Amino acid sequence: MARDNATSLDVARHAGVSQSAVSRVFTPGASVSMKMADKVKRSADALGYRPNVLARSLITGQSRIIGLVVAYLDNQFYPEALERLSMSLQEQGYHVLVFMASKTAGNIDQVLEEILDYQVDGVIMASVAMSSSLATRCDEAGIPVVLFNRRQSDLCFSSVTSDNVSGGQKLARFLIAGGHQRIGHIAGWDGASTQHDREAGFVKGLQDAGQSLFARGCGNFILEEARIAARDMFSQSVIPDAVFVANDHMAFAVMDVLRFELGLSVPDDVSVVGYDDVQLASWTSYDLTTVRQPVNKMVSETIDILMARIEQGDSQLRNVELDGSLIVRGSAKMQEGWENAGV
């Protein structure tokens, strides 16, 4: 019969094993035979026993909790990335505590203070930046931090991103090969490394072909601000014939403004390209040309770096950049044979 207050000792007596064997069965990653695990878990189920994770963390000094900080859950890229990060960490025997930060650097110091209170074993910062003072505090507390889809060259943190500079260059070459002459850019938040690198690569790609940005607006990675930027850019007497929007999330809003508010045809009047390749980009209503972020590889690298630091004490700084593929769809005009031109 199940008991409300069954202990590991009760389970050990019921199963006829030692208390340490019970402990190993409920310790993620511990060495234990399948036969022993089955025997102990049957007794635990019969007695209604559940291990006290909080008590164990006090004994071991490890909570097996990873703090995951994110700011852009409305951007389709991040829910998908968070799901994969959470599943990968669970496979390693860790659980995720999600914290929301603002879309700028505003409240991250306060959020990280809360994270430290939860005695997490590590922190993944997705899409947010942190101050040097908080970086120092994490370092002093021995809490490893990995930046996901962001980098900060002035701080000693490992980071995992796609190669945003290369991705921007690919988009510029593609649009130039399509014969576009007035190419605009609607940027994200200027404080984000992803924005900086994507625009730098894009502008470099234009310059290599003897072109420069025809127009620039800023959407700050926020839908309504992207809409405002699009209305402003495409209400001028001479408008761009192509626009690179800094992520797919904003590109969808820009396409809706162009087609349904301003009566422009995509791509006949304006070609639109984005960045991320979220699932919505392949939908018929958008059919968006974009650069695919290699999410699975980014997640795998992030977990590898974090586990090496937590479980092996590897303090080596790693900044990983992964190549992203250009995904060509119907939102942009494409010169016939452009692939043969080496774009």
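Is the crossing of H8 and H9 left-handed or right-handed? The crossing of H8 and H9 turns out to be right-handed. Keep in mind that this is a predicted model. Besides that helix pair, here's a quick tour of a four-stranded open sheet and of helix H10, which packs on the sheet.

**The sheet**
- Going across the open sheet, you meet its four strands in the order E7-E6-E8-E9, with parallel pairing.
- At the edges sit strand E7 (215-218) and strand E9 (271-273), each pairing on one side only.
- On average, neighbouring strands of this sheet are turned by 20° against each other, ignoring direction.
- Inside the sheet, strand E6 (residues 183-187) runs parallel to strand E8 (residues 242-245), and four bridges join the two.
- His-185 has Phe-244 of E8 standing opposite.

**The helix on the sheet**
- Helix H10 (residues 223-233) packs on the sheet and touches E6, E7 and E8.
- The direction of H10 makes about 155° with that of E7.

**The H8/H9 pair**
- Helix H8 (residues 164-177) packs against helix H9 (residues 193-208) with the axes 6 Å apart and an angle of about 40°.
- H8 and H9 are therefore oblique to each other.
- On the H8 side, the contact residues include Val-165, Leu-171, Leu-175 and Ile-176.
- Over on H9, the residues they meet include Asp-197, Arg-198, Phe-202 and Leu-206.
- Sorted by type, the residues of the contact of H8 with H9 come out as seven nonpolar, six polar and three charged.

Technical notes. Residues are numbered from 1 along each chain as its sequence is written. This is a predicted model: local features need pLDDT of at least 70, side-chain atom pairs count only at pLDDT 80 or more; totals for chains, interfaces and linings use all residues. Side-chain values use heavy atoms; hydrogens and water are left out. Two strands pair if DSSP finds at least two bridges between them. Axes are lines fitted to C-alpha atoms, for helices over the stretch in contact, and angles run from 0 to 180 degrees between N-to-C directions. Contact means heavy atoms within 4.5 Å. Angles under 35 degrees count as roughly parallel, over 145 as roughly antiparallel, 65 to 115 as roughly perpendicular and the rest as oblique. A crossing is left-handed if the near helix is turned anticlockwise from the far one by less than a right angle, and right-handed if clockwise. Ala, Val, Leu, Ile, Met, Phe, Trp, Tyr, Cys and Pro count as nonpolar, Asp, Glu, Lys and Arg as charged, and the others, Gly among them, as polar.
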